[in-house]
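The exercises below concern a ligand and its surroundings, followed by a pairing of charged side chains. Work through each task with the structure in view before reading its solution.

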Amino acid sequence: MNNRTFTMIKPDATRNGHTGGILEMINKAGFRIVAMKMTHLSAQKAGEFYAVHKERPFYGELVQFMSSGPITAAILEKDNAVEDFRKLIGATNPAEAAEGTIRKKYATSIGENAVHGSDSNDNALIEGDFFFSKLEQF
Ligand code: GDP
């Protein structure tokens, strides 16, 4: 299956009032929202979500940031969803993100970069199931 991806609107974008603007960009790019919730990750849950990055030097900062305030988690549907959504969000570092991307418009730094997007079909499934039961995925 390559038609679904997973995203989070991160605590920086939530705090700065960009949830609506980001959802509008997502919809305009042709993604359909098939699951969505606003939630606040504990440090433990954020650590579990980003466990693959455990050995990276920024892991502690990342966990602290991702548990610093509410986020919006969503599953998105579109042909070629993972790749197309990575293009829509832009490079990890907003200084390198292309014009017209979500991170170019809304991210403030490499750490506080407004949105998450899955990097593979396998991870999209794992990440979606981390937040949503099957009954909450439409
Ligand atoms: P992504 O797939 O574009 O989100 O990037 P990565 O998988 O490489 O990193 C995951 C997340 O960790 C990023 O979205 C950032 O929030 C954070 N991150 C990545 N690099 C750095 C860094 O150098 N410093 C800090 N503080 N956070 C980082």
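**Exercise 1.** In this predicted model, determine where the ligand sits and which residues are around it.

*Solution.* Begin with the location: the ligand sits in the largest pocket. Next, list the residues around the ligand, which are K10, H53, R56, F58, E61, L62, R86, T92, R103, I110, G111 and N113. Finally, sort this shell by class, which gives five charged, four polar and three nonpolar residues.

**Exercise 2.** Describe the contacts that oxygen atoms of the ligand make with K10, R56 and G111, and state how much of the ligand's accessible area the protein covers.

*Solution.* Take the side chains before the backbone. In K10, a side-chain N or O atom is 2.9 Å from an oxygen atom of the ligand, while in R56 a side-chain N or O atom is 3.5 Å from an oxygen atom of the ligand, a distance to be judged against the polar-contact cut-off of within 3.5 Å. G111 takes part through its backbone, with an N or O atom lying 2.9 Å from a ligand oxygen. Turning to area, the ligand on its own has 540 Å² accessible, of which the protein covers 82%.

**Exercise 3.** How many salt bridges does the structure hold, and which parts does the pair E77 and R32 tie together?

*Solution.* The structure holds nine salt bridges. One of them joins the side chains of E77 and R32, with an N to O distance of 2.7 Å. Since E77 belongs to strand β3 (residues 71-77) and R32 to strand β2 (residues 32-39), the pair ties together parts that are 45 residues apart in sequence.

How values were computed
Residues numbered from 1 in each chain as written. Predicted model: local features only at pLDDT ≥ 70, side-chain atom pairs only at ≥ 80, totals over all residues. Heavy atoms only, no water. Near = heavy atom within 4 Å. Polar contact = N/O pair within 3.5 Å; in protein donor to acceptor, adjacent residues only side chain to side chain. Areas by Shrake-Rupley, 256 points an atom, 1.4 Å probe, with all protein chains shown as cover. 1 Å grid on protein atoms, 1.4 Å probe; cavity = no way out; pocket = protein on both sides within 12 Å on 5 of 7 lines; lining within 4 Å. Sits in = over half its atoms within 2 Å of the grid points. Nonpolar A, V, L, I, M, F, W, Y, C, P; charged D, E, K, R; others polar. Salt bridge = Lys/Arg side-chain N within 4 Å of Asp/Glu carboxyl O. Helix = DSSP H or I, 4+ residues; strand = E, 2+ residues; numbered from the N terminus.
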